[in-house]
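User: Let's go through the labels on this model and ask what each one rests on. Show it first, please.

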Amino acid sequence: MPQDPVHLANLPDYALAGMLAELLEDNGIPSYLRESGTLGKASSTYLGTSLLGYDLYVERSQQQEAQEWMDAFLNAPGDTTEPEDSDFPSD
């Protein structure tokens, strides 16, 4: 958990927030996730997910590095390659 936390981002779902938090932790950046607002906590109890998303906090001294990791993670291109054993003929 960060000693001097600063808000990095609000992410829409727990899976995405968890993956990003794990990526940051794996790269030496302590992070902390929290449900956004009171409504987010209440909706999580009843719906199983937060309507307001999840806030991600990181160490203030590593905010810039965390931002760079987050940008790279969120803007990574998707896998657009076809499987080698595709049933479709290649052109």
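User: What makes Arg60 partly exposed?

Analyst: Arg60 has a relative accessible area of 46%. Buried means under 20%, exposed over 50%, and partly exposed is in between (1.4 Å probe, protein chains only), so Arg60 counts as partly exposed. One caveat up front: this is a predicted model, where local features need pLDDT of at least 70 and side-chain atom pairs count only at pLDDT 80 or more, while totals for chains, interfaces and linings use all residues. Residues are numbered from 1 along each chain as its sequence is written, and side-chain values use heavy atoms, with hydrogens and water left out.

User: How do you know that Asp4 forms a salt bridge with Arg60?

Analyst: The closest N and O atoms of Asp4 and Arg60 are 3.1 Å apart. The label asks for a side-chain nitrogen of Lys or Arg within 4 Å of a carboxyl oxygen of Asp or Glu, so the Asp4–Arg60 pair qualifies. Asp4 sits in the segment before E1 and Arg60 in the loop between E3 and H3, so the pair ties together parts 56 residues apart in sequence. Asp4 is also partly exposed, at 36% relative accessible area. The structure holds one salt bridge.

User: What makes E1, E2 and E3 a sheet?

Analyst: Strands (E, at least two residues) and helices (H or I, at least four) are DSSP runs numbered from the N terminus, and two strands pair if DSSP finds at least two bridges between them. E1 (residues 5–11) has six bridges to E3, antiparallel, and E2 (residues 31–35) has five to E3, again antiparallel. Both pass, so you get an open sheet in the order E1-E3-E2. E1 and E2 are at the edges with a single partner strand each, so one side of each has no neighbour in the sheet. The twist from one strand to the next averages 30 degrees.

User: Which residues stand opposite each other there?

Analyst: Across to E3, Val6 faces Val58 and His7 has Tyr57 as its bridge partner. Leu33 stands opposite Leu56.

User: Why is E3 called largely enclosed?

Analyst: Six of the six residues of E3 (residues 54–59) are buried, so the rest of the structure largely encloses the strand.

User: What makes a nonpolar core here, and which residues touch the most other members?

Analyst: A nonpolar core is a set of buried Ala, Val, Leu, Ile, Met, Phe, Trp, Tyr and Cys residues joined through side-chain atoms within 4.5 Å. The largest one has 14 residues, and those touching the most other members are Leu8, Leu11, Leu20, Leu24, Leu56, Val58 and Ala66. E1, H1 (14–26), E3 and H3 (63–74) each supply at least two residues of this core. Take Leu8: beyond four places in sequence, its contacts (heavy atoms within 4.5 Å) include Leu24, Leu56, Val58 and Ala66.

User: Ser31 is in E2; is Ser31 buried or exposed?

Analyst: Buried: its relative accessible area is 11%. Among its contacts beyond four places in sequence are Met1, Pro2, Ala21 and Leu24.

User: Which element has the lowest mean pLDDT?

Analyst: pLDDT is the predictor's confidence in each residue, from 0 to 100. H2 (residues 37–47) has the lowest mean, 48, while H3 has the highest, 95. Over residues 40–47 it stays under 50. Where pLDDT is low, the predicted coordinates should not be read in detail. Chain-wide, the average is 78, and 69% of the residues score at least 70.

Conventions
Axes fitted to C-alpha atoms, helices over the stretch in contact; angles between N-to-C directions.
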